[in-house]
Every structure is written in C-alpha cells, then in structure tokens.
Amino acid sequence: MEQLRKKIKTDGSVLSSSILKVDAFLNHQIDPQLMNNIGLEFAKEFSESGVTKIVTIESSGIAPAVMAGLHLHVPVVFARKQKSLTLVNDLITASVYSFTKKESNEISVSRKFLNDNDTVLIIDDFLANGQAALGLEEIVSKTKASIAGFGIVIEKGFQDGGRLLREKGYRVESLAVIHSLENGSVEFENAEER
Ligand code: G4P
Ligand code: NA
Ligand code: NA
C-alpha cells in the first residue's frame, strides 16, 4: 500500500535494526484518514472470504480493525490483555510470549462474541515474531469458527511471524512488508507490487 509506505518513510523512525517506531500515526497518535484507507484495503483483500467477524488485540490493533470492520460491515472484537472486572465468566484464553518484554501474558475473549459459525479475519498492527497472532489463532481455534486469514498493517519480513503463519496454511495479507531496518533506513519488500 503506497500511502502507508510513504507514511512510514516520512513519519516513522528506525529505533534499531529491528524496531520501527510509528507512534506518529499508528501506536500512539492515530491518523484517521490513513487508518480508513487501511481498513478499505483489508476489506478489498478479504471481500470474497465471507468474513463475519474481525478479531484483534488491544491496543494498537483496534484502530485498523475497526476501520476494516466498518468497510466489511462486520463487528470487531478485541482480545484483552488484562482481565476486566465485568468480564469474568466464559473466557477463551491463550498465553502469549513477548520476545520484546521477555514475559508471557494471558489474552482473552468472551465466548459470547465468537460464534461457531463465524468466519474470522484476524487483524493486527505489527507482525514480528507472530506470538500475538498465534495467540489470537489459538483463541479462535478453541471454537468451531473458521479463520479467513490475517490482515497485518506492518510485517517485519526479517522476523519469523509471517513464515510461521503461512507455513500453517493461513492467508496473510500485509499492507507493508519491511525487508530491513539496517543502517537506520527502511527498506520494503516487493514495493513495486502493491
Ligand atoms: P510478536 O507478537 O510478533 O511476537 O511481537 P513481540 O512480542 O516481539 O512484540 C510485542 C509488542 O511490540 C506488540 O505490541 C507488537 O505489536 C509490538 N512490536 C513488535 N515489533 C515492533 C516494531 O518494530 N515497532 C513497533 N512500533 N512495535 C512493534 P503490544 O505490546 O501488544 O502493544 P500495543 O498493541 O498496545 O501497541
Ligand atoms: Na499489536
Ligand atoms: Na503494538
């Protein structure tokens, strides 16, 4: 997605050879117009997949997921990282290991919002090692719902998440795929194709 790649170039910053900072439009401040176009792009990619629900994880997955839900006309459910006081029974949970934080956390979704006949599109802002995405997959797999695929805003192609999901047979659509962050500069994969 050309507009997204341009935004990453102009407003993103390379923190290290493995971390891209995008708090100016995705992780802290949010650019609604860009997010709307991101949602449109996901809706186009999955328009023939019979998606009935979008599942994401708080917090940064919510904005792109809501925009995709708007254009696909389906509800959006976000997995919680902390147990809510009012959300106590009938939770579906998965344990997610964060390589960045070197800790495991339980994520959960209320069973009430995942139906066995749902076709789920899983959306997230980043795909790095894939632990969050795999946690969401585990949650959906604990029901009889099916998974249409994964919609990712920024995939770091040099980390393992994309390969892990594709090897499991899932369709993964990433709107920008980063090949490298070496020497302080962002290099995209297949920039001419999208
Ligand atoms: P993984 O899920 O792919 O295994 O990633 P990891 O544990 O390494 O990442 C933990 C958090 O860091 C996630 O957000 C993930 O989206 C984010 N992240 C991973 N790589 C990058 C990167 O290069 N740049 C930025 N900006 N974020 C990255 P989170 O902690 O769940 O936070 P949030 O969703 O509340 O923002
Ligand atoms: Na995220
Ligand atoms: Na994040």
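Where is the place of L20? In this predicted model, L20 belongs to strand 2, which covers residues 20-21. That residue is a handy way into the ligand site, since L20 turns up again among the closest neighbours of ligand 1.

Ligand 1 has 20 residues around it, and the closest are L20, S59, S60, K81 and T100. Sorted by class, this shell comes out as six nonpolar, nine polar and five charged residues. Some of the contacts are polar. The side chain of S60 puts a polar atom 2.5 Å from an oxygen atom of ligand 1. For K81, an N or O atom of the side chain is found 2.5 Å from a ligand oxygen. With G130 it is the backbone that takes part, as one of its polar atoms lies 2.8 Å from an oxygen atom of the ligand. On its own, ligand 1 has 730 Å² of accessible area, and the protein covers 82% of that.

As for the setting, ligand 1 sits in the largest pocket. Two or more residues of the shell come from each of strand 7 (119-127) and helix 4 (131-141). Between strand 7 and helix 4 runs a loop, and N129 is found there.

How does this picture sit beside the UniProt record? An unreviewed entry there puts the feature "binding site" at L20, N27 and K156. From this set, L20, N27 and K156 are part of the lining of the largest pocket. UniProt also lists A128, N129, G130, Q131 and A132 under "binding site", again in an unreviewed entry. The lining of the largest pocket includes A128, N129, G130, Q131 and A132 as well. G130, then, carries the UniProt annotation and also offers the backbone atom that lies 2.8 Å from a ligand oxygen.

Two spots in the backbone deserve a look. Most peptide bonds are trans, and most residues other than glycine have a negative phi. Against that background, E58 and S59 are joined by a cis peptide bond, with omega at about -5 degrees. S59 lies in the loop that links strand 3 (53-57) to helix 3 (62-72), and S59 is also one of the closest residues to ligand 1. The other spot is H73, which is not a glycine but still has a positive phi of about 60 degrees. H73 is placed in the loop between helix 3 and strand 4 (76-79).

Methods. Residues are numbered from 1 along each chain as its sequence is written. Chains are lettered from A and ligands numbered from 1 in the order in which they are written. This is a predicted model: local features need pLDDT of at least 70, side-chain atom pairs count only at pLDDT 80 or more; totals for chains, interfaces and linings use all residues. Side-chain values use heavy atoms; hydrogens and water are left out. A residue is near a molecule or strand if one of its heavy atoms lies within 4 Å of it. A polar contact is a pair of N or O atoms within 3.5 Å; within protein, one must be able to donate a hydrogen and the other to accept it, and residues adjacent in sequence count only if both atoms are side-chain atoms. Accessible areas come from the Shrake-Rupley method with a 1.4 Å probe; for residues, only the protein chains shown count as cover. On a 1 Å grid over the protein atoms alone, a cavity is a set of points where a 1.4 Å probe fits but cannot get out, and a pocket is an open set with protein on both sides within 12 Å along at least five of seven lines; lining residues have an atom within 4 Å of a point. A molecule sits in a cavity or pocket if more than half of its atoms lie within 2 Å of its grid points. Helices (H or I, at least four residues) and strands (E, at least two) are DSSP runs, numbered from the N terminus. Ala, Val, Leu, Ile, Met, Phe, Trp, Tyr, Cys and Pro count as nonpolar, Asp, Glu, Lys and Arg as charged, and the others, Gly among them, as polar. UniProt positions are given in the numbering used here, feature names are shortened, and annotations may be inferred rather than shown by experiment.
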